[in-house]
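Student: I would like to take a close look at one part of this model, namely the charged side chains that pair with one another. Please go through them slowly and in one connected account.

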Amino acid sequence: MKLNYNDILVLAPHTDDGELGMGGTINKLISEGKHVTYAAFSTAEESVPEGFPKDILKTEVRAATAVLGIKPDDLLVFNYQVRKLNYSRQEVLDDLIKIRAMKHFDVVFMPSLHDIHQDHTTVAQEGLRAFKNTTILGYELIWNNLTFNTQCFVKLEEEHIQTKILALREYRSQGRRDYLSDDFIRSLARARGVQVGSKYAEAFEVVRLFL
């Protein structure tokens, strides 16, 4: 059965979370003519390394999402303080409801409900409240997941993984973090691909599913 998801929303607690969790899937969806809106809630200015402008992640997320194929008008960037989204739950929920009012989204992607990062947890929980009547899939950030149920997969090709890698390279301010390495991105995609008989894949948790 092929599901007709045409309008997609990606919720990223921080710039780069959406690319890390599902960059290949975003690129595949856009290449198939789907419309993807990307919302990032924090540019983590307090965590930017010395030597970079404090707002560098605003520049980097624009470049990274453009590599994936997201149009500039479909990128929403908020300025919540990193690691303190849980202190602004109502404001986050209010912004999510405003996004919901923009259009009807067929599916919403967000961090796993088992993600232990406080900002990721906040976006996931408030995302579920705002979009409880929409299909919701949780994406994988394994360094933050106590557990992750691989219930849904998107099969990917080499071009999608390579585009994801190129997008993540735009985050020059983030240095040599292990989870940004080409080898890690490719290895995880290969592991998920093995689970579903494909060279590459990205895995998702089913939070809510409407058929």
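Student: How many salt bridges does the structure hold, and which residues are linked in a network of salt bridges?

Tutor: This is a predicted model, and the structure holds eight salt bridges. As general background, side chains of opposite charge can pair when their charged atoms come close. The network to look at links Arg 89, Glu 126 and Arg 129.

Take Glu 126 and Arg 89 to begin with: these two form a salt bridge in which the closest N and O atoms are 2.8 Å apart. The pair links distant parts of the chain, since Glu 126 belongs to helix α4 (residues 118–130) and Arg 89 to helix α3 (residues 89–102), with their positions 37 residues apart in the numbering. Glu 126 also meets the side chain of Arg 129 in a salt bridge, again given as 2.8 Å from N to O. Here both partners are in helix α4, and because they are three residues apart they are separated by about one helical turn.

The three residues can also be described by their accessibility. Glu 126 has a relative accessible area of 4%, so it counts as buried, the cut-off being under 20%. Arg 89, at 28% relative accessibility, counts as partly exposed, and Arg 129 is partly exposed as well, at 47%.

Another of the salt bridges joins the side chains of Glu 170 and Arg 172, at 3.3 Å from N to O; Arg 172 counts as exposed, with 57% relative accessibility.

Notes. Residues numbered from 1 in each chain as written. Predicted model: local features only at pLDDT ≥ 70, side-chain atom pairs only at ≥ 80, totals over all residues. Heavy atoms only, no water. Salt bridge = Lys/Arg side-chain N within 4 Å of Asp/Glu carboxyl O. Helix = DSSP H or I, 4+ residues; strand = E, 2+ residues; numbered from the N terminus. Buried < 20%, exposed > 50% of the residue type's maximum accessible area, 1.4 Å probe, protein only.
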